[in-house]
Amino acid sequence: MDRRDLTHGGMLALAAFIWGTAFVAQSLGMEHIGPCAFNGARSFVGCIVLLPVIAAGRRLRGAGKGQGGSAPLQSQSPKVLWLGGAVCGVLLAGASLLQQASLQYTTAGKAGFLTSLYIVIVPVLGIFLGRKAGGKVWAAVVLALAGAYLLSVAGGGEGFSIGLGDSLVMICAVIFSLHIMVIDRVSPKVNGIQLSCIQFLVAGIISVICAAILERDSFTLSGLLASWGPLLYVGVLSSGVAYTLQIVGQAGLNPAVASLIMSLESVFAAISGWLVLSQPLSGRELAGCALVFAGVILAQLPGRKAAGNR
């Protein structure tokens, strides 16, 4: 594996770590405002955080005008940037809102497992888009999916029925898969930070409109102020930093491999719950963590030639 693959894989692993550890902040924030308002506020925070980063990048490019590093940004199409950002924002808003809504009808364990179905959906979509995954990637998919099941779905005899909440979160998994595929197509052509900023702006507008319609009673300034801590944590780290790492990191990896690395989110969520919330991991859950890690490592082992296919 070359250094470029390690760098991009490390970005996605860090994003998964941030998403997993942000679960505590998300839970605390939901005590005062609804899911639409929370998602809207965190998206706007993520957008605002990236604005000075974009401004600083422009100043640096201006100071180094004429150098090769500035050429890709000069040649990017504003139409592709804004259209790609808008599509990513719509998909991100839809997936996040469906995931939150599903928790009203199904358990967190089922929701976590069904969301991770993007591990399978992404390589399947890749087949239709001419991006076939190799045998090792499919083996890694099986390992990671089995690990996510052990980690997220409690054992017992209650069975695994599909209800309204389960259906909503399965649609959410499909939308997250489309989000990954769109980023794979757009991110190599535009500036990743600008793309991330636009997607947060669009996701925030959609979420706030939904909050104004569906959560009029709880969508208040006092509720937002009461959630300022979790909102800043999730908005700055989970949105502003992690989703930007996803966009930049995905630009150098096969989307099937990227989805496997990002599935580490479920492992980091379980570990952070164990350390921060004193929720111990059972032997079953530890086995799930091991399988997800094994799947991610296996997916990174082959010396892929994906870069030459772009």
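# A walk through a helical bundle of contacts: start at glutamine 199

Select glutamine 199 to begin: at 0% relative accessibility, this residue counts as buried. You're looking at a predicted model, so keep that in mind as you click around. Glutamine 199 sits in helix H10, which covers residues 192–214. Now show whatever glutamine 199 touches, skipping its neighbours within four places in sequence: you should get Gly85, Cys88, Gly89, Leu92, His179, Tyr243 and Ile247.

**Zoom out for a moment**

Colour by secondary structure. The protein has 15 helices and 0 strands. Of its 310 residues, 48% are buried. Take the contacts with a separation of 6 or more: 91% of them join residues 24 or more positions apart.

**Next: H5 against H10**

Go back to H10 and add helix H5, residues 78–102. The axes of H5 and H10 come within 7 Å and cross at roughly 45°. That angle makes H5 oblique to H10, and the crossing is right-handed.

Which residues of H5 meet H10? On the H5 side, select Leu81, Trp82, Gly84, Gly85, Ala86, Cys88, Gly89, Val90, Leu92, Ala93 and Leu97. Their partners in H10 are Gln194, Leu195, Ile198, Gln199, Phe200, Val202, Ala203, Ile206, Ser207 and Cys210. Colour this contact by class and you'll find 15 nonpolar residues, 6 polar ones and no charged ones.

While H5 is on screen, click cysteine 88, one of the H5 residues in that contact. Buried or exposed? Cysteine 88 has 0% relative accessibility, so it counts as buried.

**Swing round to H9**

Keep H5 and bring in helix H9, residues 164–186. Here the axes come within 8 Å and cross at roughly 160°. H5 and H9 are therefore roughly antiparallel to each other, and their crossing is left-handed. By class, the H5–H9 contact has 18 nonpolar residues, 7 polar and no charged.

Now pick histidine 179, which is in H9. Histidine 179 is buried, with a relative accessible area of 2%. Beyond four places in sequence, histidine 179 touches Cys88, Leu91, Leu92, Gln199, Tyr243 and Gln246. Spot the glutamine from the start of the tour: Gln199 is in that list, and His179 is likewise among the contacts of glutamine 199. Tyr243 turns up beside both, as a contact of glutamine 199 and of histidine 179.

For a distance to draw, join the C-alpha atoms of histidine 179 and alanine 95: the two residues are 84 apart in sequence and 8.9 Å apart in space.

**Follow H9 to H13**

Stay on H9 and add helix H13, residues 255–262. This pair packs at an angle of about 130°, with axes 10 Å apart. H9 and H13 are therefore oblique to each other, and they cross in a right-handed sense. Select Ile180, Met181 and Asp184 in H9, then Pro255, Ser259 and Met262 in H13, to see where the two helices meet. The contact splits into 4 nonpolar residues, 1 polar and 1 charged.

**Cysteines**

How many disulfides does a search of the whole structure find? The count is 0. Select cysteine 197 and cysteine 47 and draw a line between their sulfurs: cysteine 47 has the nearest cysteine sulfur to that of cysteine 197, 3.5 Å away, and cysteine 197 is in no disulfide. The cut-off for a disulfide is a pair of cysteine sulfurs within 2.5 Å. Cysteine 197 counts as buried, at 6% relative accessibility.

**Asparagine 39**

Jump to helix H3, residues 35–63, and pick asparagine 39. Asparagine 39 is another buried residue, at 5% relative accessibility. Leaving out residues up to four places away in sequence, asparagine 39 touches Ser96, Leu97, Gln100 and Ser207. Two of those names belong to the earlier H5–H10 contact: Leu97 on the H5 side and Ser207 on the H10 side.

**Last stop: lysine 136**

Finish in helix H8, residues 135–152, with lysine 136. What sort of exposure does lysine 136 have? At 44% relative accessibility, lysine 136 counts as partly exposed. Now measure across to leucine 298: the C-alpha atoms are separated by 6.8 Å, while the residues are 162 apart along the chain.

Conventions: Residues are numbered from 1 along each chain as its sequence is written. This is a predicted model: local features need pLDDT of at least 70, side-chain atom pairs count only at pLDDT 80 or more; totals for chains, interfaces and linings use all residues. Side-chain values use heavy atoms; hydrogens and water are left out. Helices (H or I, at least four residues) and strands (E, at least two) are DSSP runs, numbered from the N terminus. Buried means under 20% relative accessible area, exposed over 50%, partly exposed in between (1.4 Å probe, protein chains only). Contact means heavy atoms within 4.5 Å. Axes are lines fitted to C-alpha atoms, for helices over the stretch in contact, and angles run from 0 to 180 degrees between N-to-C directions. Angles under 35 degrees count as roughly parallel, over 145 as roughly antiparallel, 65 to 115 as roughly perpendicular and the rest as oblique. A crossing is left-handed if the near helix is turned anticlockwise from the far one by less than a right angle, and right-handed if clockwise. Ala, Val, Leu, Ile, Met, Phe, Trp, Tyr, Cys and Pro count as nonpolar, Asp, Glu, Lys and Arg as charged, and the others, Gly among them, as polar.
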